Every structure is written in C-alpha cells, then in structure tokens.
Amino acid sequence: MTNQELFESIQATHTEKKIVSLSKKLIKRCTFNSGADAQNLCELAYWLYIYGYADDVLLVCEITHDIEFPGKGGFNVWDYILFIWGLEAHILKERAQIEKANDRIKRMDELWKLSSKSAEQEAMRRNRVTISECAYEEKIANDTSASSADRWRFLSLFRLIGYGVTGLFPCLQKEKVAVDELAKEYIERLKQI
C-alpha cells in the first residue's frame, strides 16, 4: 500500500473531523523533507490514537521506518517522526510487544544522541524535561480560550507519550504514573472535541 492509499483508506473509514482533515492534507502532500508534512503526519497518528484506532496508528508509524536520517539539520522533520515512534512504542508496550517497543526506543535514543554536541549536553537536556514542561501546564492555565487550551493539551501528548514511554527522561520516569494519568486525562478530554 502506498502512503497515499493509506491516507485515502483512513479518510474513507473514519468520520472524525480532525482525522479526515489531516488525511486530506496528507493525500495532497506528504514528504519527509517538510516540517509541516511531518507535523500533519504526527497529528494524524495522535488523533487516531485518541479515538482508539491503534491499528491505523501502527500503519502510519510503519511508513516512517525506512526514512533516512539526514543528520542534525533535519530535526524540524525528525522531532515529529520521533514523537510518532514514541507513540508506536507506547502502543507496542500496551500490546505486550516489549522487545519491539524497546527496539524502537533504542533507535530513538541513538537519533537523539546525534542531535547533541556531546553526551553531557544530551544528558542535561533530558534531565530538564519535566512533567510540567511537557504538559504545558502554564500555557493551559493562562489560556482564555477553551479550544486553544485543548490544542496545548493535544500538543502535550507528543511529549507525555512520546518521551514518557522511553524511560530516557529521568524526571518523567520518576513521575511515570502521573505522566500516564495526565495523558489519559487529556485524551479523555480531547475525545469530546
């Protein structure tokens, strides 16, 4: 199945507005050289997960597996691909496919290490990632628009799930139960959109 056929199939089998809209955008254009396209792909994967379509999420994840990593300059695209892989690892763990999940996490770890100038710099970055930062708590609390606050909740899932599943971020690992509970809370709220 080509990428376009996958997006057409997803569009044809789902009625949720966010899924249909993102599928349409990706049918028109999905390159792995564009941050906007990678963001749309990432958002599609997460909306599919929110609405309970994990099998479709895994199909979306699969199309990212053979993309060549371009190096440090490609993180405007690769941040989103890594968030997709984090969601994939999360689903694999939910399905007790621990070895496959750990293989994906190992690959994520390797790429994150390439993004830093040194191992020390990467360790410092990972130590700074907190639940409050991932959850965009301040942005949500200060937002006067419910829809804008929900957008922040949605974006926070990329990190709560995508980083939280890896075990590579010490602060998130210490608060793993709280991270998982907050992700579930946000998902339940977003399902109502």
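The lining of the second largest pocket divides by class into 8 nonpolar, 3 polar and 3 charged residues. This is a predicted model, and that pocket is a good place to enter it. About 230 Å³ of space lies inside the second largest pocket. Its lining counts 14 residues, and Asp79, Tyr80, Phe83, Arg159 and Tyr163 come closest to the centre. Three elements, α5, α6 and α10, each give two or more residues to this lining. Of these, α5 gives the most, with 5 residues.

Now turn to the largest pocket. It holds about 270 Å³ of space. The lining here is made of 18 residues, and those nearest the centre are Tyr49, His90, Glu94, Lys184 and Ile187. Two or more lining residues come from each of α3 (35-50), α5 (75-94), α10 (146-162) and α12 (176-191). The largest share belongs to α12, which supplies 7 residues. By class, the walls of the largest pocket carry 9 nonpolar, 3 polar and 6 charged residues. Helix α5 is named among the contributors to the largest pocket, and α5 also serves the second largest pocket. The same two lists both name α10.

Follow α6 next. This helix runs over residues 98-115. How far apart are the end C-alpha atoms of α6, and does that agree with or depart from the expected span? They are 26 Å apart, and the 18 residues, at 1.5 Å each, should span 26 Å, so the two values agree. Several residues of α6 are buried: Ala101, Arg104, Ile105, Met108, Asp109, Leu111 and Trp112. The cover over these buried residues includes α5, α7 and α10.

One of those buried residues, Asp109, deserves a longer look. Its relative accessible area is 15%, under the 20% limit, so Asp109 counts as buried. Asp109 takes part in a salt bridge with Lys113, with 3.3 Å from N to O. Both residues sit in α6, 4 residues apart, which means that about one helical turn separates them.

Asp109 has another partner. A salt bridge joins Asp109 to Arg126, and here the closest N and O atoms are 2.6 Å apart. This pair links distant parts of the chain, with Asp109 in helix α6 and Arg126 in helix α7 (residues 119-128), 17 residues apart. Arg126 is buried too, at a relative accessible area of 8%.

From Arg126 the trail goes on within α7. Arg126 also forms a salt bridge with Glu122, whose closest N and O atoms again lie 2.6 Å apart. These two residues are both in helix α7, 4 residues apart, or about one turn. Glu122 is buried, with a relative accessible area of 3%. Which residues do the shared partners join into one network? They are Asp109, Lys113, Glu122, Arg125 and Arg126. Over the whole structure, the search finds 15 salt bridges.

Two loop residues stand out by their backbone. Ala96 has a phi near 60°, a positive value in a residue other than glycine. Ala96 lies in the loop between α5 and α6. Is Ala96 buried or exposed? Its relative accessibility is 62%, over the 50% limit, so Ala96 counts as exposed.

Tyr136 is the other case. Its phi is near 50°, also positive and also in a residue other than glycine. Tyr136 belongs to the loop between α8 (131-134) and α9 (137-142). Tyr136 is buried, with a relative accessible area of 19%.

The tour ends beyond α12. Ile193 is placed in the segment after that helix. At a relative accessible area of 48%, Ile193 is partly exposed. What does Ile193 contact, leaving aside its neighbours within four places in sequence? Its contacts are Lys18, Trp47, Tyr51 and Asp150. Finally, take Ile193 together with Arg104. These residues are 89 residues apart along the chain, and 31 Å separates their C-alpha atoms. Arg104 is one of the buried residues of α6.

Notes. Residues are numbered from 1 along each chain as its sequence is written. This is a predicted model: local features need pLDDT of at least 70, side-chain atom pairs count only at pLDDT 80 or more; totals for chains, interfaces and linings use all residues. Side-chain values use heavy atoms; hydrogens and water are left out. A salt bridge is a side-chain nitrogen of Lys or Arg within 4 Å of a carboxyl oxygen of Asp or Glu. Buried means under 20% relative accessible area, exposed over 50%, partly exposed in between (1.4 Å probe, protein chains only). On a 1 Å grid over the protein atoms alone, a cavity is a set of points where a 1.4 Å probe fits but cannot get out, and a pocket is an open set with protein on both sides within 12 Å along at least five of seven lines; lining residues have an atom within 4 Å of a point. Grid points are joined across faces, edges and corners, and a volume is the space filled by probe spheres set on the points. Ala, Val, Leu, Ile, Met, Phe, Trp, Tyr, Cys and Pro count as nonpolar, Asp, Glu, Lys and Arg as charged, and the others, Gly among them, as polar. The expected span of a helix is 1.5 Å times one less than its number of residues. Contact means heavy atoms within 4.5 Å.
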